[in-house]
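Reader: Could you take a close look at the ligand and its surroundings, and set out carefully what lines the site and which contacts are made there?

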Amino acid sequence: MTSANLSFWQHLNREFPLEYDVAVVGGGIAGCSAAYWLKSMEPSAQLILLEKDEIGSGATGRNAGFLLQGSSTSYTIDIERYGRDVARRLWQATLDNRNLVEELFGGEDIAISGCGSSTAAGTDEEADRLMASAQLLHEDGFDAEYLDSRDINKLLGSVGYRGGLHVPSGAVADPVRLVRAVLRHSGAEVLEKTAVKSVSGGNGNTVDLATTRGLVRAGSVVIAINAYLPLLEPEMIELVRPVRAQMLSTVPIGETSLPMPVYSHDGYYYVRQREDGRVLAGGARHLHEMEEVGYSLDTTSALQNDLGIYLSQHFPQWSDARVEHRWAGTMGFSPDGLPSWGRVPDVAGAFWVAGFTGHGMSIAFLIGRVMADLVLGSDQSDLGRIFDSGRFTAK
Ligand SMILES: Cc1cc2nc3c(=O)[nH]c(=O)nc-3n(C[C@H](O)[C@H](O)[C@H](O)COP(=O)(O)OP(=O)(O)OC[C@H]3O[C@@H](n4cnc5c(N)ncnc54)[C@H](O)[C@@H]3O)c2cc1C
């Protein structure tokens, strides 16, 4: 995708500096969503989106495409970590995120399927947590059902799970098609292959972005580069750690037997099967914690082997399936598992958002609206307050 309404020659020969009302840095789901909401709240705003590589080349184009509710663990753990009100708000926000994505882009070939989702337990202790979660979710007005070991394995065509939580509102989509659809609706001009090297205060009313192609000047800036934020602002390593996640996908496997995506072992494994029969699986990071830190996109045979073991333990019918693709992506982990936004120190009008902790597809579209609110100076929403990075310094 290149700049809207420009010929190849005009694009090639752009003269810098470029000036815009708002510049968004990062062409993943968070940046494209911020651009979308900015356009819908302020239609006359001139927007540019700067991406160092291609749209969706970061984690957004490398994930499993789960649009889940809550966090990757269990509602009981969310309540322990964040308190009941925040846990309830998070579940509602991820549900709203999924519903909005379907409502706004469902007609756009994003391969969304409202098939429901399951969280499956690897241990009896996890099963107890999921049972308690089902009860608490009911009390909070959400639809979720606990299934014992026999029923969850029957539902999933699996073996060995100790229990599970079935969530009818869970969904999956094609993340690359989704991010492209969100961006198309933003009307933003797009410069790919353009990395931002530094952010500074401009002439007092503007923010200056030094890029690999020249200077871009904007009234406000949203930096949405998730795991890569510390490479631009090194002190941010306290709030965002780069962590690798690896996946594999198989060739089409005869009949489709897994009706919905599964998270299991406290979110450390995830599996889905596409309608064409291909199985996608990821996780096993907890078995290789030290090796999975950093920005490398290489896959490792040790972890990929563990994904194979996991699949054959729980889905023995797929044991012989040939693996077609193996890949990795870089996630941005926050200290408390929740994403954050903040202001770039000493640069008025520059905001950042990061730390999706392996869960950005489920929440980032809505957080794009939080970022648009901040840029436009609107009243902060309750979600804006929950994700404010000030929570780390206030403690
Ligand atoms: C293997 C894997 C599986 C996952 N599965 C799921 C899942 O099923 N469900 C879910 O909810 N989440 C999942 N996640 C997490 C999810 O993908 C991320 O949370 C989400 O994509 C983060 O989006 P983002 O836009 O913040 O970051 P990214 O998608 O990483 O986008 C950041 C962009 O910024 C660009 N960039 C970086 N530096 C610069 C710079 N200096 N200048 C310009 N551009 C720059 C990058 O090239 C990149 O395109 C998974 C992640 C991985 C890796």
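Author: In this predicted model, an oxygen atom of the ligand is found 2.9 Å from a polar backbone atom of M361. Taken alone, the ligand exposes 1,000 Å², of which the protein buries 97%. Two further contacts also involve the protein backbone: a polar backbone atom of A64 lies 3.2 Å from a nitrogen atom of the ligand, while a backbone N or O atom of G58 is placed 3.5 Å from an oxygen atom of the ligand.

The surrounding shell can be described in the same careful way. There are 36 residues around the ligand, and those that come nearest are E51, T60, V196, G360 and M361, so that M361, whose backbone makes the polar contact at 2.9 Å, belongs to this nearest group as well. Sorted by class, the shell consists of 18 nonpolar, 15 polar and three charged residues. As for the elements that contribute, at least two residues of the shell are supplied by each of helix 2 (29-41), strand 12 (241-250) and strand 16 (323-333).

Helix 2, which spans residues 29-41, leads on to the aromatic residues, since Y36 and W37 form one aromatic cluster together with F105 and F365. Over the ring of W37 sits the charged end of R369, 5.0 Å from the ring's centre. A comparable arrangement involves K52, which lies over the face of Y228 at 4.9 Å from the ring centre.

Definitions and conventions: Residues are numbered from 1 along each chain as its sequence is written. This is a predicted model: local features need pLDDT of at least 70, side-chain atom pairs count only at pLDDT 80 or more; totals for chains, interfaces and linings use all residues. Side-chain values use heavy atoms; hydrogens and water are left out. Rings of Phe, Tyr and Trp (its six-membered ring) pair if their centres lie within 6.5 Å; planes under 30 degrees apart count as stacked, over 60 as edge-to-face and the rest as tilted. A charge sits over a ring if NZ of Lys or CZ of Arg is within 6 Å of the ring centre and within 35 degrees of the ring normal. A residue is near a molecule or strand if one of its heavy atoms lies within 4 Å of it. A polar contact is a pair of N or O atoms within 3.5 Å; within protein, one must be able to donate a hydrogen and the other to accept it, and residues adjacent in sequence count only if both atoms are side-chain atoms. Accessible areas come from the Shrake-Rupley method with a 1.4 Å probe; for residues, only the protein chains shown count as cover. Helices (H or I, at least four residues) and strands (E, at least two) are DSSP runs, numbered from the N terminus. Ala, Val, Leu, Ile, Met, Phe, Trp, Tyr, Cys and Pro count as nonpolar, Asp, Glu, Lys and Arg as charged, and the others, Gly among them, as polar.
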